4 protein chains.
Amino acid sequence: MADTNSLRSSQPRRRSREEKARETYRSLLEAAAQVVGSDGYADASISKITQLAGVAQGTFYNYFESRQDVLNRLLPYMGRQMLDHIASAMPRGLTGPAREEARLRAFFAYLDTHPSFYRILYEAEVFAPEAHAEHIRVLVKGYKGALNRAVARGEIGGFDEDELEAVTYMLLASRAYIAMRYARNGDGHAGPVPDHVIQAYMKVLGRGLFSQA
Amino acid sequence: MADTNSLRSSQPRRRSREEKARETYRSLLEAAAQVVGSDGYADASISKITQLAGVAQGTFYNYFESRQDVLNRLLPYMGRQMLDHIASAMPRGLTGPAREEARLRAFFAYLDTHPSFYRILYEAEVFAPEAHAEHIRVLVKGYKGALNRAVARGEIGGFDEDELEAVTYMLLASRAYIAMRYARNGDGHAGPVPDHVIQAYMKVLGRGLFSQA
Amino acid sequence: MADTNSLRSSQPRRRSREEKARETYRSLLEAAAQVVGSDGYADASISKITQLAGVAQGTFYNYFESRQDVLNRLLPYMGRQMLDHIASAMPRGLTGPAREEARLRAFFAYLDTHPSFYRILYEAEVFAPEAHAEHIRVLVKGYKGALNRAVARGEIGGFDEDELEAVTYMLLASRAYIAMRYARNGDGHAGPVPDHVIQAYMKVLGRGLFSQA
Amino acid sequence: MADTNSLRSSQPRRRSREEKARETYRSLLEAAAQVVGSDGYADASISKITQLAGVAQGTFYNYFESRQDVLNRLLPYMGRQMLDHIASAMPRGLTGPAREEARLRAFFAYLDTHPSFYRILYEAEVFAPEAHAEHIRVLVKGYKGALNRAVARGEIGGFDEDELEAVTYMLLASRAYIAMRYARNGDGHAGPVPDHVIQAYMKVLGRGLFSQA
DNA sequence: AATGAATGAGTGTTCATTCAT
DNA sequence: TATGAATGAACACTCATTCAT
């Protein structure tokens, strides 16, 4: 249905169209992220998004099935970005509590440079619950893997598999609440997390988790 | 603002004016709580609330300035109820980790018997941010007091004031995420939190907090 | 819920409100009929209707559940009007073909004075099929009754019950097509039906129906 | 405009240009007929039509001026098909009422085997009024010719030219309403028309038309 | 001739809020 | 104070049509 010209010559043209489409998709998604970041999911109207993306309202529906569709895609998109960021920011060779601390700092650093992420993540449980659940699932899986490797290394002991999952939730929870309290103000964000907070976190973890009791 | 119990029985006839108004206010607030609990803040329309309260739509604006106004009052109202419930459920004389565990269990028990509270609390950060912040502030204050008393009793050591606040946030966070993961399913709630989760929580706390390291 | 004042004095006020509401309902319905009559169901927008009725768009939804709702009510409303008109226009004491002719002329007379009715009726099969089916059912029932009485009077013979129903449909059909051809032009209507058309109709009927063969 | 059959086989290679275009035109028209038949004119979108025809949306406008344009062409296209079908299905040599009955049965038979035609025909008065008027004009002309021949044969008498036209409308009307009532259900069609209905039709006609009174 | 992304006017519908009664 | 009809701004979404490629 699309192969009338059997020559290569049609490819560069095609490419250009496809690429343009991809760009439009990208700019709509980025615009949505920005709008949700500043106004929240509830006030993220199609009109705001398309205006920010510089396209007509109707164009939106060439790329997304509905408003909810784009909201659902936001967290996966940003979440992957965040994980990539953290992965690339993690120093090699760290183990034990030091590794945990690096992970925490990388997370806060990402938050600091991507102020819209907090709101996208937080409100997702309300406005894009499936995406949120999936995001948490991914995070938990990665985290549990890390904890299990620490167990294998003998850094952690005395927790069975199920308990380790519960601990994972506690760690993720602590991250989120610390971010809420110390890395935000009314506008969106308020600079880096104070050191004493990270120290407290590490103290509880160092004693509570990284010890054979 | 909501404590009229002492007057009710003494003036069975004359309560018409003020008393009736208070009743209407109360029933509107309760209706709002119920609606938000089951439909969420976003879908809590004035029409639903007034219908459930059994008054006309216009009546609503004799008691609240706006829709946002009633949403703002919801969490303080329910939060106080929850704190009272927990306070009265706490066994006397417990100290140390045992006291902490009792508090945790009381919280989960309240959640289990008041399924609408979870949603009111959780969505509040999105839809009634100031009320949510205030609620957290109240919780933190109470919690920090408890931790300080534990410090005074010599049960906890090695954390300065600021660090203790950070720890408080970690504890509240853990509560919330554990509730999210273990005390809910699609409908609203899914029975009590499994014991091994509470054990994991207590393990981390017992080692991480209640120890002189 | 509505009986706070137990006195009559509240009734006149009530009445006034209720009456006003009824008026608004009426004017919306009439506006809808007019708009559909001139623009057709497809182009009958809420905005046109409310503008013509002189109320805000939102007001529409205090009286009708949806656009389709008002479209559904149009034919029953006009259909009853038409039947009332015909009933009151029918001379007393006529029987046989003369009675049939009077009925036909009354129908065309109604059409002539209510030009929107033709379109409302005709397009209803497409846009309000249930209302149309019900309308036809009512018409057929009335018509069959009339034919059966003619049979009882011995004016008609040689048709069994089922055949009589089929004949009813032929009569209604003829009415409609004659109206389409002879009582309309582009605008909406084009004056009365020529006499020779009615004569042709009566000839076919007189010989075909009102005879013992 | 649609008769290219004679050329097809002679130029198997060269048909690329013009022939291909005709094929596309044809497939768009057929697609439109199918879509309108199942979804109705109102829901026949260009997107549905082009999708069914297997071409891009833009291609549509190389063959039709507008959406309305294709809708206008539908009934003439299908109507001719129907007339051809009926003409070829008519037994030779029939005259009088028998001929009329055969025509009626052929019409119902066509409807039964072409369920989409009913909708295309019926809704045309609403959505393609000019095409509908033209279609009726063609039908009437053919029918009047048939009746005139019957008059010439002495089978029909007592109607002048104008009256005969009115009768024609009555016959077409009866066809349509009988089809509406007896040859359709919710889905689209419901099998053949019962015999007693055709008998009733023939009785009225036999007495009312084919008699010298 | 064929494509399909872009357009934007237009639609039905919702709902917090107002206000005359 | 209670009522509930009226309001109108706002929204998500559709689709015929255009046009650069």
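A polar contact here is a pair of N or O atoms within 3.5 Å; within protein, one must be able to donate a hydrogen and the other to accept it, and residues adjacent in sequence count only if both atoms are side-chain atoms. Welcome to a predicted model, in which local features need pLDDT of at least 70, side-chain atom pairs count only at pLDDT 80 or more, and totals for chains, interfaces and linings use all residues. Residues are numbered from 1 along each chain as its sequence is written, chains are lettered from A and ligands numbered from 1 in the order in which they are written, and side-chain values use heavy atoms, with hydrogens and water left out.

**View 1. Contacts with DNA strand F.** Let us start with Arg67(A), where a backbone N or O atom lies 2.7 Å from a phosphate oxygen of DNA strand F. The bases are reached too: a polar backbone atom of Gly58(B) is 3.1 Å from a base nitrogen of this strand, and one of Gly58(C) is 3.3 Å from a base nitrogen.

**View 2. The surroundings of DNA strand F.** There are 30 residues around this strand, and Arg67(A), Thr59(B), Arg17(C), Thr59(C) and Tyr63(C) come nearest. Of the strand's atoms that come within 4 Å of the protein, 65% are in sugar and phosphate. A residue counts as near a molecule or strand if one of its heavy atoms lies within 4 Å of it. By class, the surface near DNA strand F holds 12 nonpolar, 13 polar and five charged residues. Nonpolar covers Ala, Val, Leu, Ile, Met, Phe, Trp, Tyr, Cys and Pro; charged covers Asp, Glu, Lys and Arg; the others, Gly among them, are polar.

**View 3. DNA strand E and its neighbours.** Which residues come nearest to DNA strand E? Of the 31 around it, they are Arg17(A), Thr59(A), Tyr63(A), Arg67(C) and Thr59(D). In this view, a polar side-chain atom of Tyr61(C) lies 2.8 Å from a phosphate oxygen, and a backbone N or O atom of Ala56(D) lies 3.2 Å from a phosphate oxygen. Asn62(A) meets a base instead, with a side-chain N or O atom 3.3 Å from a base nitrogen of DNA strand E. The surface near this strand divides into 12 nonpolar, 14 polar and five charged residues.

**View 4. Where chain D meets chain C.** The contact (heavy atoms within 4.5 Å) takes 40 residues from chain D and 41 residues from chain C. About 3,700 Å² is buried between them, with 65% from carbon and sulfur atoms; buried area is the accessible area (1.4 Å probe) that two parts lose on being put together, summed over both. In chain D, Met170(D), Tyr177(D) and Arg207(D) lose the most area to chain C, together 20% of what that side buries.

**View 5. A salt bridge between chains D and C.** Lys203(C) and Glu163(D) join their side chains in a salt bridge (2.8 Å, N to O). The rule, a side-chain nitrogen of Lys or Arg within 4 Å of a carboxyl oxygen of Asp or Glu, finds four salt bridges across this interface. The count of residue pairs in polar contact between the two chains is 15 (both at pLDDT 80 or more).

**View 6. Chain A on its own.** Chain A has nine helices and zero strands. Helices (H or I, at least four residues) and strands (E, at least two) are DSSP runs, numbered from the N terminus.
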